[in-house]
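Visitor: Could you pick one part of this model and take me through it slowly, then show me what sits around it? I'd like enough detail to follow along on screen.

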Amino acid sequence: MDLNTITEVVRRPSGRPGPQWREGDAWLAGGTWLFSTEQPHLRRLVDLTALPWDPLVASREGLEIGATCTIRELYAFAPPGDWTAGPLLARCCEALLSSFKVWNAATVGGNICLSLPAGPMITLTVALEARYELWAPDGSARVVDALEFVTGDHLNVLAPGEILRRVEIPAHALRKRAAHRRFTLTRLGRSTVFLVGTRSPGTDDLLLTVTAGTTRPVRMAFDGIPDARTLRQSIDAVPADVWFADPNGTPGHRRHLTRHFAEEIRRELTAGA
């Protein structure tokens, strides 16, 4: 058995580390997942934490989150008062149930790139209509919609050597009303379903984001607040193979919870309109 997997750690990568990439490499940010399981295919780690990336930059355009921003830094951020959806930042951090040691090390970018169905940073950024800037080893960059990034359980659109540089959340999404519902089998368990609904001020629109219960994020957009039947039909139209199955819930259980919580969100965002 080959136990000598990691033979080198690059601790001071260049400001744009893509060209250093080679087969057997892994980007290292918080390392909370990377160090938690065997990685026999890896030979070298490229440590991103030494790069001078700003963790959080708030502006009139919205919020920019550096990929190496820790969960602790995001949780401590105080959003401007007119960002009505701002409390969702902390709620999604709280969904990453772990010790303070993990919170101090785990990164927003790492949680997104791990691409697990229950990744709360995926829930947050898809619900708030974020875009991701990706860097390729050849020095080029591209921007993708957060909704299109995760393609399945532990699957995403990253090409070999490509890296998530930053998350950009637009101000108009942060100024929406937001309601969320989350279910776990145990108080400190992984999310079985995590839903977020948002509504633009002064309009009848509804954007419903379904995560954790599905292998990839699902977004349902309505120009006007739907009635209960229409909302249920939209949920039932989600393909059967998109619903997730693991010890935290069967696809049928997750679909049932999604129907129930989606209706609660619909009523909450309708009230006081």
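**A hairpin and its surroundings**

Guide: Let's start with strand 13 (residues 206-211) and strand 14 (residues 218-222), which run antiparallel and are joined by 5 bridges. Keep in mind as we go that this is a predicted model. To see how the two strands line up, find valine 210 and look across to strand 14, where valine 218 stands opposite. Threonine 209 is another good marker, with arginine 219 as its bridge partner in strand 14.

Now follow the chain around the end. The two strands make a hairpin that has 6 residues between them. Stop at alanine 212 in that turn, where phi is positive, at about 70°.

Next, look at the side chains along strand 14, since they alternate. Val218, Met220 and Phe222 point to one face and are buried. Arg219 and Ala221 point to the other face and are not buried. That puts the two residues we used as markers on opposite faces: Val218 on the buried one, and Arg219 on the other.

Pull back a little and you'll see the hairpin is part of an open sheet of 4 strands in the order 11-12-13-14, with antiparallel pairing. Strand 14 is an edge strand, as is strand 11 (177-184), and each of them pairs on one side only. Ignoring direction, neighbouring strands in this sheet are turned by 10° against each other on average.

The hairpin turn also takes us to a cavity. By the rule used here, the count is 1 cavity of 30 Å³ or more, and the largest cavity holds about 30 Å³ of space. Alanine 212, the turn residue with the positive phi, is part of the lining, together with Thr211, Thr214, Thr215, Arg216 and Pro217. Leu116, Pro117, Ile122 and Val150 line it as well. By type, the lining divides into 6 nonpolar residues, 3 polar and 1 charged.

One of those lining residues, Ile122, leads us on to helix 5 (residues 120-127). This helix is mostly covered, with 8 of its 8 residues buried. You can go down the list on screen: Pro120, Met121, Ile122, Thr123, Leu124, Thr125, Val126 and Ala127. After helix 5 comes glutamate 129, and there phi is positive, near 60°.

Carry on along the chain and there's a second hairpin to set beside ours. Strand 6 (residues 131-135) and strand 7 (residues 141-145) run antiparallel and are joined by 5 bridges. Leucine 134 stands opposite arginine 142 in strand 7, and glutamate 133 has valine 143 as its bridge partner. This hairpin has 5 residues between the strands, and glycine 139 takes a positive phi near 95°.

That second hairpin sits in an open sheet too, with 5 strands in the order 4-5-10-6-7 and antiparallel pairing. The edges are strand 4 (56-59) and strand 7, each pairing on one side only. From one strand to the next, the twist averages 20°.

Two last stops, both on the way back toward the N terminus. Glycine 109 is found in helix 4 (residues 108-114), and counts as buried because its relative accessible area is 5%. Its C-alpha atom is separated by 30 Å from that of arginine 259, which is 150 residues away along the chain.

Then the cysteines, since you may be wondering about crosslinks. A disulfide is a covalent bond between the sulfur atoms of two cysteines. Searching the whole structure turns up 0 disulfides. Cysteine 93 is in none, and the nearest cysteine sulfur, in cysteine 92, is 7.4 Å away. Cysteine 93 is also buried, because its relative accessibility is 0%. As for cysteine 113, the closest cysteine sulfur belongs to cysteine 69 and is 14 Å away, so a bond is ruled out by distance. Cysteine 113 is partly exposed, with a relative accessible area of 25%.

Conventions. Residues are numbered from 1 along each chain as its sequence is written. This is a predicted model: local features need pLDDT of at least 70, side-chain atom pairs count only at pLDDT 80 or more; totals for chains, interfaces and linings use all residues. Side-chain values use heavy atoms; hydrogens and water are left out. On a 1 Å grid over the protein atoms alone, a cavity is a set of points where a 1.4 Å probe fits but cannot get out, and a pocket is an open set with protein on both sides within 12 Å along at least five of seven lines; lining residues have an atom within 4 Å of a point. Grid points are joined across faces, edges and corners, and a volume is the space filled by probe spheres set on the points. Ala, Val, Leu, Ile, Met, Phe, Trp, Tyr, Cys and Pro count as nonpolar, Asp, Glu, Lys and Arg as charged, and the others, Gly among them, as polar. A disulfide is a pair of cysteine sulfur atoms within 2.5 Å. Buried means under 20% relative accessible area, exposed over 50%, partly exposed in between (1.4 Å probe, protein chains only). Two strands pair if DSSP finds at least two bridges between them. Axes are lines fitted to C-alpha atoms, for helices over the stretch in contact, and angles run from 0 to 180 degrees between N-to-C directions.
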